[in-house]
Amino acid sequence: MEFREVAGDKSVRRPSFDVADLVDTPADFHADFTYDDVRVTGGDQTGVSGDGVLRKCLVTGVNLTEARLSHLDLRDTRFADVELSNATLDVNTVRAVEFLTCRATGLRLAIGQATDLYFGDCKLDYAGIEITKVKGLTVFEGCSFRDARLFGDLSDTVFVDCDFAGADFAAQRAERCELPGSRLVGARGLLTLRGARLTRDQAISVADVLATEAGLVIV
């Protein structure tokens with residue numbers, strides 16, 4: 001197993017596959033699909049509707065704008081440079097999955113259970129992200145969440161160097177959530193992040209918002 005180190009002392013398991021062993025397969029996410037040990041490169045899947053399974057897959061350069069994919073099972077899979085703007089992904093299970101440099105403006109992402117999930121350098125502005133249960137570690141690194149909404153279980157979730165201007169948090173759990181280097185100015189719903197760890201500078205930057213959300217009157 002290969003692990004990606006994050007935030008200095010944490011690690012998230014990376015997808016386990018050998019690129020040389022993958023079979024090239026054209027993108028086709030219509031209806032029911034099952035992909036195992038394949039590499040899907042390029043292809044226009046705009047507005048496609050389907051559900052299925054991806055195991056030990058590499059998906060690169062595919063256009064999934066406004067796609068509607070449901071009942072997904074994602075395991076040991078990497079999405080790189082995939083267009084996910086205004087797409088809807090309803091995922092049952094995620095295990096050792098990476099999203100790298102994906103454009104996902106307006107994405108609607110719902111995950112039942114996430115185990116070792118990593119987003120790196122992704123544009124998630126105006127997205128709606130809901131995770132029902134985090135098992136293991138979930139990491140967002142270098143991502144933009146401008147005017148996005150984040151719901152559900154954010155425990156054991158690490159946001160590294162992310163931008164939350166205008167974002168709205170509605171977390172049900174946030175124990176051991178960390179936000180190293182992230183910019184929280186302009187974010188809302190910060191009181192739902194009970195149990196999360198902030199630096200002193202981060203706390204000072206959002207002090208007015210926290211006070212207002214707590215019902216205090218600043219004079």
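This is a short tour of a predicted model, stop by stop, with something to select at each one.

**The whole chain**

Start with the full protein chain in cartoon view. Two helices and 14 strands make up its secondary structure. Turn the model along its principal axes, and the C-alpha atoms fill a box of roughly 65 × 35 × 25 Å. How does the radius of gyration of the protein chain compare with that of a compact globule? For 219 residues the expected value would be near 17 Å, and the chain has 18 Å, so the two agree.

Now switch on the surface. The accessible surface comes to about 10100 Å², and 48% of that belongs to carbon and sulfur atoms. Of the 219 residues, 51% are buried. If you display contacts with a separation of 6 or more, residues 24 or more positions apart account for 11% of them.

**The largest core**

Next, hide the surface and select Phe29, Leu84, Leu124, Phe145, Phe159 and Phe164. These belong to the largest nonpolar core, which has 59 residues, and they touch the most other members. Colour the strands that feed this core: strand 4 (31–36), strand 5 (38–41), strand 6 (49–60), strand 7 (68–80), strand 8 (88–100), strand 9 (108–120), strand 10 (128–134) and strand 14 (168–173) each supply at least two of its residues. A second core, of eight residues, lies apart from it; Leu100, Tyr118, Val139 and Val158 are among its members. As background, nonpolar side chains in soluble globular proteins tend to be buried together.

Stay a moment with Phe145 and show what surrounds it. Not counting neighbours within four places in sequence, Phe145 is in contact with several residues, including Leu124, Ile129, Phe140, Leu150, Phe159 and Phe164. Asp125, Cys162 and Asp163 are also among the contacts of Phe145.

**Rings in pairs**

Now show the aromatic side chains as sticks. The whole structure holds 12 aromatic pairs. Zoom in on Phe29 and Tyr35: their ring centres are 5.7 Å apart and their planes meet at 80°, so this pair is edge-to-face. Phe29 counts as buried, at 2% relative accessibility, and Tyr35 is buried too, with a relative accessible area of 10%.

For another arrangement, move to Phe79 and Phe99. This pair is stacked, with 4.7 Å from centre to centre and 5° between the planes. Phe79 lies in strand 7 and Phe99 in strand 8, so the pair ties together parts that are 20 residues apart in sequence. Both Phe79 and Phe99 are buried.

Widen the selection to Phe79, Phe99, Phe119, Phe140, Phe145, Phe159, Phe164 and Phe169. Ring pairs link these residues into a cluster.

One more ring deserves a visit: Tyr118, a member of the eight-residue core. The charged end of Arg4 sits over the ring of Tyr118, 4.1 Å from its centre.

**Out to the exposed side chains**

Select Thr132, in strand 10. Is Thr132 buried or exposed? Thr132 counts as exposed, because its relative accessibility is 57%, above the 50% cut-off. Leaving out residues up to four places away in sequence, Thr132 touches Ile111, Gly112 and Asp153. To get a feel for distance, draw a line from Thr132 to Gly42: these residues are 90 apart along the chain, and their C-alpha atoms are separated by 31 Å.

**Two unusual backbones**

Go to the loop between strand 9 and strand 10, where you will find Asp121. Asp121 is exposed, with a relative accessible area of 51%. Its backbone is worth checking: Asp121 has a positive phi of about 55° although it is not a glycine. Most residues other than glycine have a negative phi.

Then jump to Asp156, in the loop between strand 12 (149–153) and strand 13 (157–160). Asp156 also has a positive phi, of about 55°, and is not a glycine.

**Last stop: between the helices**

Finish at Val206, in the loop between helix 1 (200–205) and helix 2 (207–213). Val206 is buried, with a relative accessible area of 1%. Which residues does Val206 contact, leaving aside its neighbours within four places in sequence? Leu184, Val185 and Leu190. Val206 and Leu190 are 16 residues apart in sequence, and their C-alpha atoms are 8.6 Å apart in space.

How values were computed:
Residues are numbered from 1 along each chain as its sequence is written. This is a predicted model: local features need pLDDT of at least 70, side-chain atom pairs count only at pLDDT 80 or more; totals for chains, interfaces and linings use all residues. Side-chain values use heavy atoms; hydrogens and water are left out. A nonpolar core is a set of buried Ala, Val, Leu, Ile, Met, Phe, Trp, Tyr and Cys residues joined through side-chain atoms within 4.5 Å. Buried means under 20% relative accessible area, exposed over 50%, partly exposed in between (1.4 Å probe, protein chains only). Helices (H or I, at least four residues) and strands (E, at least two) are DSSP runs, numbered from the N terminus. Contact means heavy atoms within 4.5 Å. Rings of Phe, Tyr and Trp (its six-membered ring) pair if their centres lie within 6.5 Å; planes under 30 degrees apart count as stacked, over 60 as edge-to-face and the rest as tilted. A charge sits over a ring if NZ of Lys or CZ of Arg is within 6 Å of the ring centre and within 35 degrees of the ring normal. The radius of gyration is taken over C-alpha atoms; the globule rule is 2.2 Å times the number of residues to the power 0.38. Accessible areas come from the Shrake-Rupley method with a 1.4 Å probe; for residues, only the protein chains shown count as cover.
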